[in-house]
Amino acid sequence: MSFVIESAGVDALHVEFTAAPSAALTAQLCQMAAQLEQQFKAILLDITIGWDSLLIQYDMQRVGYSELYDRLMQWCTQWLEQATGVEPSAVNDSGVLALPVLYDGEDLQDVARHCGLASVADVIALHSSSAFYVGAIGFAPGFAYLGGLDERLTLPRRSSPRARVPAGSVAIAAGQSALYPQASPGGWHLLGRCPLTLFDPVAQPMSPFHVGRQVRCYPVDDAEFQALQGRSAV
C-alpha cells in the first residue's frame with residue numbers, strides 16, 4: 001500500500017492511502033492515528049480519520065510544513081513496512097454497538113425491486129445480518145458512514161433527495177448504510193427507524209459512534225420500538 005501527502009490548508013496535511021476502503025484498512029488507520037497522537041503529541045492539534053485517509057492538523061507555532069511533511073513521510077513509510085495487519089476488533093474498545101430498527105421505511109419496496117430481491121423480507125434480512133463498521137463521520141454531527149453493507153443491497157443514491165429525513169432514519173446508498181442522528185435533508189434510501197437518541201450535544205460522549213466501531217442492526221416490532229423510544233444510544 002502506498003500513500004500521498006498533500007497540504008490541506010495552512011495548518012493541516014492530508015495523508016491518502018491507495019488501498020480500497022475496508023474494515024481492515026479502517027483498523028490500520030485507527031492504529032496509525034493512535035500512534036501518531038502519542039509520538040507527535042507536542043505538535044499535533046487533531047487527527048481526523050477518513051475512509052482511506054488521515055487529516056492531520058498541526059501547531060504552526062511548533063513545526064513548519066516542510067519539516068512535518070518530511071517527518072510524516074518517513075514515519076508512514078516505516079509504519080507500513082512494519083505493519084502485519086490489524087483485525088477490526090483490535091481497535092474496537094467499545095464493543096459492538098447493537099441498534100434496534102423498526103423496518104418500516106418507505107423505500108423498502110423500491111430497494112427490493114432495484115436490487116432484484118424477492119421481497120422486503122429479503123432486504124431486512126440482508127441489512128440486519130450485515131457486519132457494519134464506522135468508516136467515517138461527517139455531513140452532520142454524529143452522522144456515521146457505515147461500511148460492511150451486504151453487496152446485494154448496493155444501489156446509487158435517490159435521483160431526487162428528500163428535503164427532510166426524520167431523526168433516527170436508517171438508510172442505505174452507494175454500498176453504505178447510515179442512521180440520521182438529526183432531521184436533515186438526505187438522498188439515501190430509507191429502510192426503517194431506530195428509536196434511540198443517536199446524538200446528544202450535552203452528553204459525554206455526544207455520540208455512540210467513532211471510526212472503527214463495529215455496529216449491528218436488529219429488527220424490532222412496533223411495541224418494542226415504542227418501549228425504546230427516546231432512550232440514549234450513548
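User: Strands are DSSP runs (E) of at least two residues, numbered from the N terminus; in the loop between which two strands is the place of Phe139?

Analyst: The model is a predicted one, and in it Phe139 attracts attention through its backbone, since phi is near 70 degrees, a positive value in a residue other than glycine. The residue follows strand S6, which covers 132–137, and precedes the strand that covers 144–147. Phe139 therefore belongs to a loop, and the two strands that flank this loop are S6 and S7.

User: Does Phe139 count as buried or exposed?

Analyst: The cut-off for exposed is over 50% relative accessible area, whereas buried requires under 20%. The relative accessibility of Phe139 is 54%, so the residue counts as exposed.

User: Ala174 is not a glycine, yet its phi is positive; what is its relative accessibility?

Analyst: The phi of Ala174 is about 55 degrees, and the residue is found in the loop between strand S9 (169–173) and strand S10 (176–179). Partly exposed is the class between the 20% and 50% limits. Ala174 counts as partly exposed because its relative accessibility is 48%.

User: Which residue follows Gln204 across a cis peptide bond?

Analyst: The bond in question has omega near 0 degrees, and it is therefore cis by the value given for that angle. The residue on its far side is found in the loop between strand S12 (189–193) and strand S13 (214–219). That residue is Pro205.

User: What is the radius of gyration of the chain, and how far does the C-alpha trace span along its principal axes?

Analyst: For 234 residues, a compact globule would have a radius of gyration near 17 Å, and the value for the chain agrees with this at 19 Å. Along the principal axes, the C-alpha trace spans about 55 × 40 × 35 Å.

User: How far apart do the C-alpha centres of domain 1 and domain 2 lie?

Analyst: The chain is divided into domain 1, residues 2–83, and domain 2, residues 97–228. The C-alpha centres of domain 1 and domain 2 lie apart by 30 Å. Eight residues from domain 1 and ten residues from domain 2 take part in the contact, and the separation asked for, between the two centres, is 30 Å.

User: What covers the buried residues of H4?

Analyst: Helix H4 spans residues 120–128, and its buried residues are Val120, Val123, Ile124, Leu126, His127 and Ser128. The cover over these residues includes one helix, H3 (108–114), together with strands. Named in sequence order, the covering elements include H3, S6, S9, S10, S12 and S13.

User: With which residues is Gly186 in contact, leaving aside its neighbours within four places in sequence?

Analyst: Gly186 lies in strand S11, residues 184–186, and it counts as buried because its relative accessibility is 8%. Its C-alpha atom is separated by 8.9 Å from that of Arg158, a residue 28 residues apart from it along the chain. With the sequence neighbours set aside, the contacts of Gly186 are Pro161, Arg162, Val165 and Tyr180.

User: How far apart are the mean positions of the positive and negative charges of the chain?

Analyst: About 11,500 Å² of the chain is exposed, of which carbon and sulfur atoms supply 50%. The charges of the chain comprise 13 positive and 23 negative ones, and the distance between their mean positions is 6 Å.

Definitions and conventions: Residues are numbered from 1 along each chain as its sequence is written. This is a predicted model: local features need pLDDT of at least 70, side-chain atom pairs count only at pLDDT 80 or more; totals for chains, interfaces and linings use all residues. Side-chain values use heavy atoms; hydrogens and water are left out. The radius of gyration is taken over C-alpha atoms; the globule rule is 2.2 Å times the number of residues to the power 0.38. Accessible areas come from the Shrake-Rupley method with a 1.4 Å probe; for residues, only the protein chains shown count as cover. Lys and Arg count as positive and Asp and Glu as negative; His and the chain ends are not counted. The place of a charge is taken as NZ of Lys, CZ of Arg, CG of Asp or CD of Glu. Domain bounds come from an automatic or database domain assignment. Contact means heavy atoms within 4.5 Å. Helices (H or I, at least four residues) and strands (E, at least two) are DSSP runs, numbered from the N terminus. Buried means under 20% relative accessible area, exposed over 50%, partly exposed in between (1.4 Å probe, protein chains only).
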